[in-house]
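Student: I would like to learn how to read a structure feature by feature. Could we take one and go through it together?

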Amino acid sequence: MEDSDTVLGKALGILRAFGPADSVLPLAELVRRTGLAKGTVHRVAGDLVHHRLLDKTERGYRLSGGLFELGLRAAAERTLLEVAMPYLQDLYERTHETVHLGVREGQEVVYVAKIGGHRQARTPSRTGGRMPLHCTAIGKVLLAYAGEGEWAAVLNGPLDRRTPHTVIAPGLLRRQLTRAVESGVAYEHEESAPGLLCVAAPVLAPDGVTAVAAVSVTGPVGRFRPESHANAVRAAATALGTTLARRRA
């Protein structure tokens, strides 16, 4: 949580008040979400507009392109995305389903890239967005290769039920993580959103033990068979891991 007693904390509080579905927020809503005084929000938001982190519109404030530019300068994610994109595009051409690249941050997946065509399934994921590890295939496989300590942090904590199919039993989730390590892939069956199926594979570090990222393919119930795409997803993730290792060497 940001320290709202500092200028930086107030600014972060305002920026993080915007949710995935928010395009514009009025001043009054920013005040409500941040808990800051109206004058403070007005002043800090004005500074953020000056520095191109917010835009001022007739209806309120919206996130500005300056934030996008800063995000592109994040060295690790930028290098990962640059190297990964040919593999993601090739995987999309093979499957014609939605392809994701994600990394783990704490107990969440952060989606670095998302590729989908005209018939892509409606998914709750978005580039730059987050989802809990336990309810997505990409999150499960990242967690599976994170080690027992990270397993315990998730399995012993609250497991949010996103759909009636979300796995919230620690024992069952542990068995899924074990199978993911054994097979090199993890699956999701309508656990993050109704009607979605997914298969994911880890992009392993040179040690062959830890995952630096993960690749997944997602499709709708009825048309998509995740098991039939496991080899393609595993191959793409393995090739990406090999290329990243060569670049580091």
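Student: Is Cys198 buried or exposed?

Tutor: Buried means under 20% relative accessible area, exposed over 50%, and partly exposed in between, with a 1.4 Å probe and protein chains only. Cys198 has a relative accessible area of 4%, so Cys198 is buried. Cys135 is buried as well, at 0%. Before going on, note that this is a predicted model, in which local features need pLDDT of at least 70 and side-chain atom pairs count only at pLDDT 80 or more, while totals for chains, interfaces and linings use all residues. Residues are numbered from 1 along each chain as its sequence is written, and side-chain values use heavy atoms, with hydrogens and water left out.

Student: How many disulfides does a search of the whole structure find?

Tutor: A disulfide is a covalent bond between the sulfur atoms of two cysteines. The test applied is a pair of cysteine sulfur atoms within 2.5 Å. The search of the whole structure finds zero.

Student: In what order do the strands of the open sheet lie?

Tutor: Strands of a sheet pair through backbone hydrogen bonds, either parallel or antiparallel. Helices (H or I, at least four residues) and strands (E, at least two) are DSSP runs, numbered from the N terminus, and two strands pair if DSSP finds at least two bridges between them. Here six strands form an open sheet in the order 5-4-3-8-7-6, with antiparallel pairing. Strand 5 (130–132) and strand 6 (186–189) are at the edges; each has a single partner strand, so one side of each is left without a neighbour in the sheet.

Student: Which residues are bridge partners at those edges?

Tutor: Strand 5 is joined to strand 4 (residues 108–115) over three bridges, and Arg130 of strand 5 is the bridge partner of Val110. At the other edge, four bridges pair strand 6 with strand 7, where Val199 is the bridge partner of Tyr187. These two strands form a hairpin with six residues between them, and Glu190 in the turn has a positive phi of about 55 degrees.

Student: What is found further in, around strand 3?

Tutor: Six of the eight residues of strand 3 are buried, so strand 3 is largely enclosed by the rest of the structure. Seven antiparallel bridges join strand 3 to strand 4, and five pair strand 3 with strand 8. Leu101 shows both pairings: Ala113 stands opposite in strand 4, and Val215 is the bridge partner in strand 8. Strand 7 is also mostly covered, with eight of its nine residues buried, and nine bridges pair strand 7 with strand 8.

Student: Which residues of the largest nonpolar core touch the most other members?

Tutor: In soluble globular proteins, nonpolar side chains tend to be buried together. A nonpolar core is a set of buried Ala, Val, Leu, Ile, Met, Phe, Trp, Tyr and Cys residues joined through side-chain atoms within 4.5 Å. The largest has 28 residues, and Leu88, Val99, Leu101, Val215 and Leu240 touch the most other members. Two or more residues each come from helix 5 (75–95), strand 3 (98–105), strand 4, strand 7 (196–204), strand 8 (211–220) and helix 9 (230–248). Another core, of 24 residues, lies apart from it and includes Leu133 and Tyr145.

Student: Where does His134 lie, and what does its side chain reach?

Tutor: His134 is in the loop between strand 5 and helix 6 (137–144), and at 4% relative accessible area His134 is buried. A polar contact is a pair of N or O atoms within 3.5 Å; within protein, one must be able to donate a hydrogen and the other to accept it, and residues adjacent in sequence count only if both atoms are side-chain atoms. The His134 side chain reaches the backbone oxygen of Asp160 at 2.7 Å.

Student: Which sign does phi of Arg52 and of His96 have?

Tutor: Most residues other than glycine have a negative phi, and most peptide bonds are trans. Phi of Arg52 is positive, near 65 degrees; Arg52 is in the loop between helix 3 (38–50) and strand 1 (54–57). Phi of His96 is also positive, near 55 degrees, and His96 sits in the loop between helix 5 and strand 3. Both count as partly exposed, Arg52 at 43% and His96 at 36%.
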